[in-house]
Amino acid sequence: MTTVAQAGMVYLAGAGPGDPGLLTLRVLRLLETADVILPDDLVSEEILSLAHAGAEITAVGKRCGQPRITQAEIHVLMIEAARAGKSVLRLKSGDPLIFGRAGEEIAALRGADIPFEIVPGITTAFAAAARLKTPLTDRSSASKLILATAHHAAGKLTLTPKWEGAFPADATLVIYMPGRNFRALADDLIASGVEPATPCVAISKATSPDEQVFSTTLAGIEDGDVGPAPVIVLVGYAIQVVGHSRIIEELTAI
């Protein structure tokens, strides 16, 4: 595999959860060699500073439901740059295949007959669990891991991830983009059969210098307890966070 960005190629790549130290070597080489970089808003300035001086960087993020650019316009930017013989790094936070609209971009590139490569990154769930020093699965309590989101396409907004039947008792649930109605979200989970005493941890700005962690139970979480977006929520008995308390605490840097 060639490590440097190739002319006419689009790379759908993951920048990881935010800490530049969690970038893969492959993505670092692409930052150092790509002609055009199209990052999401959650890709940090520290990561973008690793790009070479001649790179064309155009932010194409969507935050709080207020996109500065449509998805279709992102497709046009990728396709036109590749057709002009430029290498394109479409840089997404976390992993590009997990809640990163990769399906739409893959379809657009295939439809335009543009060669592309997918470069994985560390998804926020795994990085957050590592920072908390907790497993996501456990032989005695969690044989399943569910990655879900409370954010859906326009016209399909629902508060809580949905599934058929009872929620598996031996599962860890990770909720990306949970919104800000944490109490209502927890009540929905409890109503679906999740025990109120189930450990619940909300991580704000995971792996960044401003990271905040709120550790409680589903019965105890309230809207005002959790730090600013982006937030990821972990729910399940496999979660082992020392010192469960109803306070927001900052993790010291590792």
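Buried here means under 20% relative accessible area, and that cut-off will be handy for the views of this predicted model.

**View 1. Helix α4 and its two sides.** With that cut-off in mind, look at α4, where Ala102, Glu105, Ile106, Ala108 and Leu109 are buried. These residues span an arc of only 165° around the axis, which puts them on the same side of α4. Turn to the other side of α4 and you meet Gly103, Arg110 and Gly111, which are exposed. The cover over the buried residues of α4 includes β1, α3, β6 and β7. Just past the helix comes Asp113, a residue with a positive phi, near 60°.

**View 2. Glu105 inside its surroundings.** Here we zoom in on Glu105, a residue of helix α4. Its relative accessible area is 0%, so Glu105 is buried. Leaving aside residues up to four places away in sequence, Glu105 touches Leu12, Gln71, Ile74, His75, Met78, Arg90 and Lys92.

**View 3. Phe99 in a loop.** Follow the chain from β6 towards α4 (102-111), and the loop between them is where you will find Phe99. With a relative accessibility of 36%, Phe99 counts as partly exposed. Phe99 and Thr149 sit 50 residues apart along the chain, yet 7.8 Å separates their C-alpha atoms. Thr149 is also among the residues that Phe99 touches, together with Leu147, Ala148, Tyr176 and Met177, when residues up to four places away in sequence are not counted.

**View 4. The open five-stranded sheet.** The strand order to trace in this view is β3-β2-β6-β1-β7, an open sheet with parallel pairing. At its edges lie β3 (56-57) and β7, each of which pairs on one side only. Four bridges hold the parallel pair β1 and β7. For a landmark, find Val10, which stands opposite Phe116 in β7. Helix α3 (residues 71-83) lies across β1, β2 and β6, and it runs at about 150° to β6.

**View 5. Helix α1 and its buried face.** Within α1 (residues 25-33), the buried residues are Arg26, Val27, Leu30 and Leu31. Looking down the axis of α1, you will see them fall within an arc of 140°, so they line one face of the helix. Among the elements that cover these buried residues are the strands β1 (10-14), β2 (36-39), β6 (88-92) and β7 (116-119), along with the helix α2 (45-48).

**View 6. The antiparallel pair β10 and β11.** Strand β10 (residues 199-204) runs antiparallel to β11, and six bridges join the two. One pair to pick out is Ile203 with its bridge partner in β11, Val213. Strand β11 (residues 212-217) has five of its six residues buried, so it is largely enclosed by the rest of the structure.

**View 7. Confidence along the chain.** Before you build on any of these views, a look at the confidence is worthwhile. The mean pLDDT of the chain is 88, with 86% of its residues at 70 or more. Over residues 244-254, by contrast, the pLDDT is below 50. In the model this stretch has 31 contacts beyond near neighbours in sequence.

Definitions and conventions: Residues are numbered from 1 along each chain as its sequence is written. This is a predicted model: local features need pLDDT of at least 70, side-chain atom pairs count only at pLDDT 80 or more; totals for chains, interfaces and linings use all residues. Side-chain values use heavy atoms; hydrogens and water are left out. Buried means under 20% relative accessible area, exposed over 50%, partly exposed in between (1.4 Å probe, protein chains only). The arc is that of the directions from the helix axis to the C-beta atoms. Contact means heavy atoms within 4.5 Å. Two strands pair if DSSP finds at least two bridges between them. Axes are lines fitted to C-alpha atoms, for helices over the stretch in contact, and angles run from 0 to 180 degrees between N-to-C directions. pLDDT is the predictor's confidence in each residue, from 0 to 100.
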